[in-house]
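Pull up the model and the sequence side by side, and let's take a walk through it. We'll go stop by stop, from the chain's beginning to some places further along.

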Amino acid sequence: MIPTVAATQLSEPGPPDAPKPLLVLGSSLGVAVETLWARVVPGVADRFHVVGWDLPGHGRSPVPTEGFTVAELADAVVDLVRRVRPGGGPAYYAGVSLGGATGLQVAVDHPGTFAGTLMVCSAAALGEPQAWHDRAATVRSQGTAVLVEGSAARWFAPGFLDREPQTASRLLHELSHDVSDEGYAACCEALAAYDLTGRLDEVRDPLVVLNGGDDQVAPPSAAQVIADAVPDARAVVLDGVAHQAPVEDPAGTTRTLLDAFAGGAVAQDSYDAGMAVRREVLGDAHVDRAVARTDDLTRDFQELITRYAWGSVWTRPGLDRVTRSAITITALVAGHHHDELAMHVRAAMRNGMTREQLSEVLLQSAIYCSVPSANTAFQIAQRTLAQIDEEEVR
């Protein structure tokens, strides 16, 4: 039976004419996806349309009425992708533990669904089948609360509970109070039957396996097994991390996720979007001159500013372009970056800033940056506006 899993939108998809690549996040046994990935999503939301899915009986997903396999979970995730992105487009996947195992199963059964997969704290086989059956029976008879002590020992590396007691308590409370006993038990039984060790040579999709150095459930050696068997795979280890990497080391998890997918459509999309905005704001003539001057020394720098300054910041929807120009001009006045200031006065005019608004921005900078700085800025602005007027006459 293909179980019903709920999709939760964790970031905006982007404009209809330029949607962001889809990133599907999967959670681990005993935790809702929003809770587990909460510290990572802010670091990737500007690049991806992030959608999470919950295991059956976890988070927003309903309690299962029948048993299921990891292969059927993979089928459910593929259906979710089709629902969320019916028109297709680039999609990526990252999942933890059972969520990571589901990602590997998708790569085996539905190759090409994802342009890249990140397995976090997971493996081609997890634990012993009988141990999972025993745990399912325990939960059905005593409830998930009986698992809290053992889960605390497995989930977190030594010292984490002392450093971040509130964070750890939140996850453990969710396990004992919010997760369905039947949903948890059914997931245990799915894990008992899960073993893709003999099918790793079938995987052709790009794959990164991120494991914690202190993970007892999916140790680094398990990640290396996958990296050695899958042609386009590599293993990454986070030191001082156990089985819940997005919570224990959100910065390391975010960095690995972005590195894993940076070579594909995400990087190209951000570069192309950045170049488009750069031309709109600065004008084709300026950008063409900058591109023509590019050489081996400056090529990486030009790519950097196009992708990150223009493609990741100027493309964000939170501020209009006039406001971004006002902020940029003020920063350039404060830093005495006079050549850049002239360029951005021109850009502000292209963005729709009026000359009265420009005057207000420079007056404001006189108070907060310094009167001498603003005096120089007014002179640069006068010259630049005069040049614009002359060009319009021609």
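Thr 4 is exposed, because its relative accessible area is 56%, and over 50% counts as exposed. Bear in mind that this is a predicted model. You'll find Thr 4 in the segment before strand 1 (7-9). Leaving aside its neighbours within four places in sequence, Thr 4 is in contact with Ser 61 and Pro 62. Leu 80 is 76 residues away along the chain, yet its C-alpha atom and that of Thr 4 are separated by 9.7 Å.

Now for the inside. In soluble globular proteins, nonpolar side chains tend to be buried together. Here the largest nonpolar core has 90 residues, and those touching the most other members are Leu 23, Trp 37, Phe 48, Trp 53, Leu 104, Ile 226 and Leu 257. Take Leu 104: setting aside neighbours within four places in sequence, its contacts are Met 119, Ala 123, Ala 124, Tyr 194, Leu 196, Leu 200, Val 203, Leu 207 and Ile 226. Apart from the largest core lies another one, of 17 residues, with Leu 341, Val 345, Ala 348 and Met 349 among them.

Leu 257 also turns up in helix 12, where the buried residues are Pro 250, Gly 252, Thr 253, Thr 254, Thr 256, Leu 257, Leu 258 and Phe 261. How far apart are the end C-alpha atoms of helix 12? They are 17 Å apart, which agrees with the 16 Å that its 12 residues (250-261) should span at 1.5 Å a residue.

Next, some empty space. The second largest pocket holds about 600 Å³. Its lining has 26 residues, and the closest to the pocket's centre are Leu 282, His 286, Glu 340, Met 343 and His 344. Helix 13 (265-282), helix 14 (284-293), helix 15 (299-313) and helix 17 (338-350) are the elements that each give two or more residues to this lining. Which of them gives the largest share? That's helix 17, with 8 residues. By type, the lining divides into 13 nonpolar, 5 polar and 8 charged residues.

Last stop: Leu 363, in helix 18 (residues 355-368). Is Leu 363 buried, exposed or partly exposed? Its relative accessible area is 44%, so Leu 363 is partly exposed, the class between under 20% and over 50%. For a sense of distance, look across to Cys 188: the two residues are 175 apart along the chain, and their C-alpha atoms are separated by 65 Å.

Conventions
Residues are numbered from 1 along each chain as its sequence is written. This is a predicted model: local features need pLDDT of at least 70, side-chain atom pairs count only at pLDDT 80 or more; totals for chains, interfaces and linings use all residues. Side-chain values use heavy atoms; hydrogens and water are left out. Helices (H or I, at least four residues) and strands (E, at least two) are DSSP runs, numbered from the N terminus. The expected span of a helix is 1.5 Å times one less than its number of residues. Buried means under 20% relative accessible area, exposed over 50%, partly exposed in between (1.4 Å probe, protein chains only). On a 1 Å grid over the protein atoms alone, a cavity is a set of points where a 1.4 Å probe fits but cannot get out, and a pocket is an open set with protein on both sides within 12 Å along at least five of seven lines; lining residues have an atom within 4 Å of a point. Grid points are joined across faces, edges and corners, and a volume is the space filled by probe spheres set on the points. Ala, Val, Leu, Ile, Met, Phe, Trp, Tyr, Cys and Pro count as nonpolar, Asp, Glu, Lys and Arg as charged, and the others, Gly among them, as polar. A nonpolar core is a set of buried Ala, Val, Leu, Ile, Met, Phe, Trp, Tyr and Cys residues joined through side-chain atoms within 4.5 Å. Contact means heavy atoms within 4.5 Å.
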